Amino acid sequence: MLSLNNFRIGSRLVFQALGMFFWFAVLVLVAMSAMRSLQQATETVFREKLEPGAIVLRIQTLMTENRLLVAEGLLHDPTARSAARQPATLAARMDALLKNRDEISELWKQFKSRSLNAEEEGLARAYEQARAVFVRDGLMQAREALLAGDFDKAAAVNATTLPEAFAKAGRAADDLRNYYAASGKALYQDSEAAYHSAVWLMLGIALLVSALIAFFAFLFIRSITRPLAAAVDLAGAVADGKLDNPIAVEGRDEASELFSALSKMQGDLRQRIESERQAANATLRVKTALDVSSNCVMLADPDGKVIYANAALLGMMREAEADVRVELPQFRADAIVGSNIDVYHRNPAHQRAILAGLKNQHRTEIGIGRRRFSLVATPIVDEHGKTLGSVAEWRDRTAEVEIEREVSDVIAAAVAGDISRRLDTARMSGFFRQLSEGINALLEANAGAFREIGAVLARLSQGDLTARVTSDYRGALGTLRDDTNTTVDRLHELVVQIKDSTDAINTAAKEIATGNQDLSARTEEQASSLEETASSMEELTGTVKQNADNARQA
C-alpha cells in the first residue's frame, strides 16, 4: 500500500491544493455559466422590453407637449385678453411643435430598427396609424390654422379631432406598453427559475467539494500531525534532561528528517552541556566585574527585556527616580531588571525599530522629566553575526546640560546686546568651571570697554570734546579704543575749523553792512540834488513860456 510518509509534506500540500483548485474551478465554471445566462436574460429584458417601452413613453410625452402647445397657441387670439401676456410668440411655439414632431420621427425610426415579432409588429402598426391620424388630421391642421390666424378653426380642431385622435393613439400606446410589460414579466420569471436552479446546482457542487476537501484534508493532516506529536514528545523528554531516548527514522518526508535531526540534536546536546558549563564559569567572572564597575551598564535581550543592571546603574536610577516618575509614573528603579526598555521612551515603536536595526554602536541622549541621560547602545552578536541582545551604557548628564543651557543663555543674551549677565562658577568644576570663568572674563572685558566708550560718546553728545578712552585694551577692543579717540580728535579739529570760518564770515558781514550804510547816504544826497535841479527846470520852463507869450502879443 502506498504510504504518505514517502511523500514530502510539500508534495502532499500540492496534491491537496490541485484537488481543491480542480473542484473550485468546476464550481466557478458552473457559477459563470449561470451568471452568463442571467446576464443574457437581463440584457434581453432591457433591449427587447424596457428600451422599446421607454421610447413609446417618450413619444407619448412629446405628443402631450404638442397638444399643450396647440392649447397655448390659442391664447394668442387677438380677441382674447390674455394675448398680450404670453411669454412666448406663436411662431416660437409652432416651431417647438415641429421640433417635437421631428424628435418623434427619429425615436420611431430607432424603435423600428429592431427585429419585431408578429404580435409586436401588429401593435406597432396600429400605434403608428393612430399617431399618423393625430398628426395629420389634428396637430398639423391646428398648426396651419393658428399660423393663418384662423383661431376659430384651430379651436374647433383642438376641441374635436385632436382629443379623439390623441385618445386613440394613447390606447394603442398602452396596448404596446402592456405587451412589453407582460412579455418582460415572462422573461423575468424564466430568469428567476434559471437562477434558482443554478443556485441549487452550485450548492450541491459546493457541498460535494467541501466533503472531498475535508476527507483528503483529514488524511493529509493525520499524516503530518501524528509524526509531529511523536516529535513533540521526544523534544519534551530532551527538554527534561533525558538524552538517551531511542529514535527510529522511517520514510523520506520532513517528519523523518525531523526525527533524524532530533537524534543528532540529542547527541550534540550532551556535548554542548559540558561546553556551556565551562562558558557559564567565564560568564560569571564577567558579571562579577560588571557588578563592581563604576560605569552604569544595562543588558537587554533581542526583545528589549532588561536582563541585567549593575549596582552603579541601579544607584543612579534610584537617585533620579523621583524626577523620572514625573513623566513615567510606572517607573521603579528596583523593578528595572525584568522590565522592557520601552518604559524609558515616549515612542516605544521608534525605540524598537532602533534596536531591531542596530548594527553598530549607537549614541543618543534622552530626556525624562528634568533629567538628561547620555546613552550608548552596542549590539551583542555571536561568532555567526546573530544578534543576542544589546548593552547600554548610561550617564546622567542633567547637571552638565543645565550648565550648557546656562552658558547658552548667557551667550545668547550677549549676542542680543545684554552683556551684564554672568555665569555662577561656584557650583562648577573641571572643564565647565574653566570655560565659565573664561566667558565671564570675556564679557567683563567687553562690558568695561563698552561702558568707557559709552561714557565718551555721552560727553561728546553734550559738546565735551575733551573726553578720551584711557584704559589699556588689546586686540579688537584696542582698535575700537583708538578709533574712538581718533574720531573725537577729528571732531575737535572740525569744530575748530568751523569756528574760525564763522568768525571770518562775521567780519565780512560787518564790513558789507558799513558799505551799505555809506552808499545809502550818498544816494540820499544825490536824490536831493536831483529834486533841486527839477525845481529849477520848472522855473526856467515857466520863464520861457512867458517870454513866448509876450513875443506873440508884441
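Q: How do I read the way α2 and α3 sit against each other, and at roughly what angle do their axes cross?
A: Check how close the two axes come and the angle between them. In this predicted model, the axes of α2 and α3 come within 12 Å and cross at roughly 165°.

Q: Does that make α2 roughly parallel or roughly antiparallel to α3?
A: Angles over 145 degrees count as roughly antiparallel, so α2 is roughly antiparallel to α3. As for the hand, α2 passes α3 in a left-handed crossing.

Q: Which residues make the contact of α2 with α3?
A: Try finding them one helix at a time. From α2, the residues include L90, M94, L97 and R101, and W108 is also among them. From α3, they include E120, Y127, R131, V135 and L147. Sorted by class, this contact has 14 nonpolar and six charged residues, with no polar ones.

Q: Now for α3 and α4. How do their axes cross?
A: Use the same reading. Helix α3 covers residues 118–148 and helix α4 covers residues 151–159. Their axes come within 8 Å and cross at roughly 165°, and therefore α3 and α4 are roughly antiparallel to each other. Here, too, the crossing is a left-handed one, with α3 passing α4.

Q: What makes the contact there, and what is its mix by class?
A: On the α3 side, look for D137, G138, Q141, A142, A145 and L146. On the α4 side, pick out F151, K153, A154 and V157. By class, that gives six nonpolar, two polar and two charged residues.

Q: How do I look for empty space, and how many cavities of 30 Å³ or more are there?
A: The general idea is that rolling a probe the size of a water molecule over the atoms shows where empty space is left. In this case, the count comes to two cavities of 30 Å³ or more. The second largest cavity holds about 30 Å³ of space.

Q: What lines the second largest cavity?
A: Find M63, N66, R101, I104, R131, F134, V135 and L139. Helices α1 (9–74), α2 (90–112) and α3 each supply at least two residues of that lining, and α3 gives the most, with four. By class, the lining has five nonpolar, one polar and two charged residues.

Q: Which residues of the α2 and α3 contact could I revisit here?
A: Try R101 and R131: they belong to the contact of α2 with α3, and they also line the second largest cavity.

Technical notes. Residues are numbered from 1 along each chain as its sequence is written. This is a predicted model: local features need pLDDT of at least 70, side-chain atom pairs count only at pLDDT 80 or more; totals for chains, interfaces and linings use all residues. Side-chain values use heavy atoms; hydrogens and water are left out. Axes are lines fitted to C-alpha atoms, for helices over the stretch in contact, and angles run from 0 to 180 degrees between N-to-C directions. Angles under 35 degrees count as roughly parallel, over 145 as roughly antiparallel, 65 to 115 as roughly perpendicular and the rest as oblique. A crossing is left-handed if the near helix is turned anticlockwise from the far one by less than a right angle, and right-handed if clockwise. Contact means heavy atoms within 4.5 Å. Ala, Val, Leu, Ile, Met, Phe, Trp, Tyr, Cys and Pro count as nonpolar, Asp, Glu, Lys and Arg as charged, and the others, Gly among them, as polar. On a 1 Å grid over the protein atoms alone, a cavity is a set of points where a 1.4 Å probe fits but cannot get out, and a pocket is an open set with protein on both sides within 12 Å along at least five of seven lines; lining residues have an atom within 4 Å of a point. Grid points are joined across faces, edges and corners, and a volume is the space filled by probe spheres set on the points.
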